[in-house]
Amino acid sequence: MTLSTPHHADTRNLVITRVLDAPRHAIWRAWSDPEWLKVWWTPKPGTTDVIALDLQPGGAFHTRIQGPGDCRSEHIGCFLEVIPHARIVFTSMLAAGWRPAMPGLAFTTLISLSDYALGSCYTVQVIHQDEITREQHEKSGFFEGWNTAISQLEEVACTLR
């Protein structure tokens, strides 16, 4: 169930809040294990190679995505904050070890987890520099792609109860 609308108070941000039918510890496991992350991170039929998943401040987050046809992308970032079972913050503006990066799309992502009824509340907030960048990200399929990935995350987490 999606709790929020695609628009948030700060028009530079994209936000999705969903209630997932899985406990936080299972969602965390699906997020923190590269073998599980590669199963749900990219909307199917796409695939993900997890190059690096160093869940600590300054740690690398590097995935290589193969989408339909010849659609390929590489995402290199850095974790800024990691609170197990509660919060993950990463950015495309930095690579591992706080090294400045030159991303194609500059943003910072905040993932928040909290208990909700018998499951979890999962919020993704993607922060952009300006409304133009946010609009580009939204038009590239942000809501469809992230919601599909979140549904896939929920499926995986349900198997990890």
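These legends go with close-up views of a predicted model.

**View 1. Helix H3 has a buried side and an exposed side.**
Helix H3 spans residues 131-139. Thr133, Arg134 and His137 are buried in H3. They share one side of the helix, because they cover an arc of only 100 degrees around the axis. An α-helix has 3.6 residues a turn, so residues three or four places apart point the same way. On the other side of H3 lie Ile132 and Lys139, and both are exposed. What covers the buried residues? The cover includes strand S1 (13-20), strand S9 (119-127) and helix H4 (142-159).

**View 2. Aspartate 130 and glycine 141 lie at the two ends of the H3 story.**
Look at the start of H3, where aspartate 130 makes a polar contact. One of its side-chain oxygens comes to within 3.3 Å of the backbone nitrogen of isoleucine 132. After H3 comes glycine 141. The phi of glycine 141 is positive, near 105 degrees.

**View 3. Histidine 137 sits buried in H3.**
Histidine 137 has 9% relative accessibility, so it counts as buried; the cut-off is under 20%. Which residues does histidine 137 contact, leaving aside its neighbours within four places in sequence? They are Leu14, Leu105, Phe107, Val126, His128 and Phe142. Threonine 159 is 22 residues from histidine 137 in sequence. In space, their C-alpha atoms are 31 Å apart.

**View 4. The largest pocket has a volume of about 940 Å³.**
The lining of this pocket has 35 residues. Which of them are closest to the centre? They are Trp41, Ile65, Ser73, His75 and Trp146. Four elements each supply at least two lining residues: strand S3 (60-66), strand S4 (72-83), strand S5 (87-91) and helix H4. By class, the lining has 17 nonpolar, 15 polar and three charged residues.

**View 5. Threonine 109 is buried in strand S8.**
Strand S8 covers residues 108-116. Is threonine 109 buried or exposed? It counts as buried, because its relative accessibility is 0%. Threonine 109 contacts Ile88, Val89 and Phe90. It also contacts Val124, Gln125 and Val126. Trp146 is another of its contacts. These contacts leave aside neighbours within four places in sequence. Trp146 also appears in View 4, among the residues closest to the centre of the largest pocket.

**View 6. Serine 92 is a buried loop residue.**
Serine 92 lies between S5 and S6. It is buried, because its relative accessible area is 8%. The side chain of serine 92 reaches the backbone oxygen of leucine 105 at 2.9 Å. Beyond residues up to four places away in sequence, serine 92 touches Ile76, Gly77, Ala101, Pro103, Leu105, Ala106 and Phe107. Two of these residues, Leu105 and Phe107, also contact histidine 137 in View 3.

**View 7. Proline 45 follows a cis peptide bond.**
Which residue is joined to proline 45 by this bond? The partner is lysine 44, and omega is about 15 degrees. Most residues other than glycine have a negative phi, and most peptide bonds are trans. Proline 45 is in the loop between helix H2 (34-40) and strand S2 (47-53).

**View 8. Proline 68 is exposed in the loop between S3 and S4.**
Proline 68 counts as exposed because its relative accessibility is 59%, and the cut-off is over 50%. Threonine 47 is 21 residues away in sequence. The C-alpha atoms of proline 68 and threonine 47 are 9.1 Å apart.

**View 9. Tryptophan 98 and alanine 117 have positive phi values.**
Neither residue is a glycine. Phi is about 70 degrees for tryptophan 98. Phi is near 50 degrees for alanine 117. Where do they lie? Tryptophan 98 is in the loop between strand S6 (94-95) and strand S7 (99-100). Alanine 117 is in the loop between S8 and S9. Tryptophan 98 is partly exposed, with a relative accessible area of 43%. Alanine 117 is exposed, with a relative accessible area of 77%.

How values were computed
Residues are numbered from 1 along each chain as its sequence is written. This is a predicted model: local features need pLDDT of at least 70, side-chain atom pairs count only at pLDDT 80 or more; totals for chains, interfaces and linings use all residues. Side-chain values use heavy atoms; hydrogens and water are left out. Buried means under 20% relative accessible area, exposed over 50%, partly exposed in between (1.4 Å probe, protein chains only). The arc is that of the directions from the helix axis to the C-beta atoms. Contact means heavy atoms within 4.5 Å. A polar contact is a pair of N or O atoms within 3.5 Å; within protein, one must be able to donate a hydrogen and the other to accept it, and residues adjacent in sequence count only if both atoms are side-chain atoms. On a 1 Å grid over the protein atoms alone, a cavity is a set of points where a 1.4 Å probe fits but cannot get out, and a pocket is an open set with protein on both sides within 12 Å along at least five of seven lines; lining residues have an atom within 4 Å of a point. Grid points are joined across faces, edges and corners, and a volume is the space filled by probe spheres set on the points. Ala, Val, Leu, Ile, Met, Phe, Trp, Tyr, Cys and Pro count as nonpolar, Asp, Glu, Lys and Arg as charged, and the others, Gly among them, as polar.
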